[in-house]
Amino acid sequence: MKSAAEIQAMFAASNDRIAAVVRRLGIEWPAPYLCECPDGRCGELIRLLLAEYEALRARAQHFAVYPGHLLVGRQQVVERSEHFHIVH
């Protein structure tokens with residue numbers, strides 16, 4: 001069984017591939033990314049601008065999650081928006 005950190009890293013790696021496509025196509029609207037919560041069964045999508053995603057990835061310990069999808073007691077919300085939260 002994968003740890004919460006491994007699951008979040010897996011979702012983040014998938015989102016890196018999405019960001020590469022967004023960058024290559026020059027998409028300027030909020031694109032769909034996978035929720036990076038530690039639940040490997042999660043299928044929620046969050047929408048971020050490429051600049052928001054790049055700012056998120058600048059901090060290796062930060063993950064974008066669907067509102068309310070954090071590991072209670074082990075993560076804290078460091079930024080909130082209407083469509084996603086950044087957790088550490």
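Reader: Which exposed residues does the face of α2 turned away from its buried side carry?
Author: This is a predicted model. Exposed here means over 50% relative accessible area. On the α2 face turned away from the buried side, the residues that count as exposed are A51 and A55.

Reader: Which residues of helix α2 are buried, and what arc do they cover?
Author: Helix α2 takes in residues 50–57. Its buried residues are L50, Y53 and L56. They sit on the same side of α2, because the arc they cover around the axis is only 120°.

Reader: What do the buried residues of α2 pack against?
Author: One partner is a helix, α1 (4–25). The others are strands. These are β1 (31–34), β2 (45–48), β3 (63–65) and β5 (85–87).

Reader: In what order do the elements of the chain run?
Author: The chain holds two helices and five strands. Start at the N terminus and read on. The order is α-β-β-α-β-β-β.

Reader: What is the radius of gyration of the chain, and what does the globule rule give?
Author: The chain has 88 residues. For that length the globule rule gives 12 Å, and the chain comes close to it, so it is as compact as a globular protein of that length. Its radius of gyration is 12 Å.

Reader: What share of the residues counts as buried?
Author: Buried means under 20% relative accessible area. The count runs over the 88 residues of the chain. The share is 34%.

Reader: How far apart do the centres of the positive and negative side chains lie?
Author: There are 10 positive side chains and 10 negative ones. Each set has its own centre. The distance between the two centres is 5 Å.

Key: Residues numbered from 1 in each chain as written. Predicted model: local features only at pLDDT ≥ 70, side-chain atom pairs only at ≥ 80, totals over all residues. Heavy atoms only, no water. Helix = DSSP H or I, 4+ residues; strand = E, 2+ residues; numbered from the N terminus. Rg over C-alpha atoms; globule rule 2.2 N^0.38 Å. Buried < 20%, exposed > 50% of the residue type's maximum accessible area, 1.4 Å probe, protein only. Lys, Arg positive; Asp, Glu negative; His and termini not counted. Charge placed at Lys NZ, Arg CZ, Asp CG, Glu CD. Arc of directions from axis to C-beta. Contact = heavy atoms within 4.5 Å.
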